[in-house]
Amino acid sequence: MRIRDRAAPDRSFERIRSDASVTRRDYLRMLVTISGGLVLGAVAVAAGVFPRRTGSSGERKIADAIAPGQAVTFTYPEPDDRAIAMRLSDGTLVAYSSICTHLSCAVLWRSGGEELVCPCHNGRFSASSGEVLAGPPPRPLPVIELQERADGIYAVRAVAR
């Protein structure tokens with residue numbers, strides 16, 4: 001067994017210090033740069049530099065007709081944006097995004113209950129207004145304005161709330 005000589009200085013710290021690739025000054029410079037970028041990003045989002053897709057004005061035919069108590073799924077305003085249109089039992093024609101405002105699960109329509117249901121976390125929305133009835137969704141469903149014409153039913157505008 002080898003005994004350390006107490007008089008000999010321990011050189012391991014010098015080796016670690018010489019291997020360090022980032023000095024304290026460099027670390028602080030990186031910290032300030034990243035923090036500044038985060039602040040600028042937050043200010044840009046708050047100022048509306050990155051706008052949401054809202055108020056789409058493109059029209060799309062979604063169905064020839066929808067009978068009372070029936071629903072039709074479609075995509076609007078973009079091909080990846082799922083939506084649902086339904087004619088309620090009183091004859092009212094409504095349409096909403098079918099993406100839950102909680103965690104983006106699919107929203108399904110219960111024709112008998114006049115409500116839209118998110119099966120992921122039991123979120124429930126009113127079929128007549130899109131407002132949250134129960135569960136964790138923080139906001140109502142985005143509305144899609146429809147026009148009923150002689151040749152069919154058209155989605156005309158997505159309205160963000």
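**Figure 1. Glu115 at the start of strand β6.** In this predicted model, Glu115 sits in strand β6, which covers residues 115–118. Is Glu115 buried or exposed? With a relative accessibility of 12%, Glu115 falls under the 20% cut-off and so counts as buried. Its side chain has a polar partner: a contact of 3.4 Å links it to the side chain of Arg124. Once neighbours within four places in sequence are set aside, the residues touching Glu115 are Leu108, Trp109, Arg110, Arg124, Phe125, Ala127 and Leu133. Arg110 turns up in the strand pairing too, with Glu115 of β6 as its bridge partner.

**Figure 2. The open sheet β5-β6-β7-β8.** Here we pull back to the sheet that holds Glu115's strand. Four strands line up in the order β5-β6-β7-β8, with antiparallel pairing, and the sheet is open. Which strands are at the edges? They are β5 (108–110) and β8 (132–134), each of which pairs on one side only. From one strand to the next, the twist averages 35°. Between β5 and β6, which run antiparallel, there are three bridges. As a general reminder, strands of a sheet pair through backbone hydrogen bonds, in either a parallel or an antiparallel way.

**Figure 3. The disulfide between Cys105 and Cys120.** How many disulfides are there? The count is one, and it joins Cys105 to Cys120 with an S to S distance of 2.1 Å. The torsion about that S-S bond is about -110°, so this disulfide is left-handed. Cys105 lies in the loop between β4 (93–97) and β5, while Cys120 lies in the loop between β6 and β7 (123–126), so the bond ties together parts that are 15 residues apart in sequence. The two ends sit in unlike surroundings: Cys105 is buried, with a relative accessible area of 16%, whereas Cys120 is partly exposed, at 40%.

**Figure 4. Cys100 and Cys118, a cysteine pair without a bond.** Why is there no disulfide between Cys100 and Cys118? The closest cysteine sulfur to that of Cys100 belongs to Cys118 and is 3.7 Å away, which is too far for a bond because a disulfide needs the sulfur atoms within 2.5 Å. Cys118 is accordingly in no disulfide, its nearest cysteine sulfur being that of Cys100. Both residues are out of the way of the probe: Cys100 is buried, at a relative accessible area of 4%, and Cys118 is buried as well, at 2%.

**Figure 5. The largest nonpolar core around Met86, Trp109 and Leu116.** This core has 14 residues, and the members touching the most others are Met86, Trp109 and Leu116. Strands β3 (82–87), β4 and β6 each supply at least two residues to it. Met86 makes a good anchor for the view: beyond neighbours within four places in sequence, Met86 is in contact with Ile66, Gln70, Ala71, Thr92, Leu93, Val94, Tyr96, Trp109 and Leu116. Another core lies apart from this one and has 12 residues, among them Ile62, Ala85, Ile144 and Ala158.

**Figure 6. The β2–β3 hairpin and its cis peptide bond.** Strands β2 and β3 form a hairpin with six residues between them. Five bridges join β2 (residues 71–75) to β3, and the two run antiparallel. One pairing to look for is Thr73 with Ile84, its bridge partner in β3. The loop between these strands holds Pro77, and the peptide bond from Tyr76 to Pro77 is cis, with omega near 0°.

**Figure 7. Positive phi at Ser104 and Asn122.** In general, most residues other than glycine have a negative phi. Ser104 has a positive phi of about 65° although it is not a glycine, and its place is in the loop between β4 and β5. Asn122 also has a positive value, with phi near 60°, and it is found in the loop between β6 and β7. Asn122 counts as exposed, at 57% relative accessibility.

**Figure 8. The whole chain, for orientation.** The protein chain has two helices and 10 strands. Read from the N terminus, the elements run α-α-β-β-β-β-β-β-β-β-β-β. Buried residues make up 26% of the 161 residues. Of the contacts between residues at least 6 apart in sequence, 40% join residues at least 24 apart.

Conventions:
Residues numbered from 1 in each chain as written. Predicted model: local features only at pLDDT ≥ 70, side-chain atom pairs only at ≥ 80, totals over all residues. Heavy atoms only, no water. Buried < 20%, exposed > 50% of the residue type's maximum accessible area, 1.4 Å probe, protein only. Polar contact = N/O pair within 3.5 Å; in protein donor to acceptor, adjacent residues only side chain to side chain. Contact = heavy atoms within 4.5 Å. Pairing = 2+ DSSP bridges. Axes fitted to C-alpha atoms, helices over the stretch in contact; angles between N-to-C directions. Core = buried A, V, L, I, M, F, W, Y, C linked by side-chain atoms within 4.5 Å.
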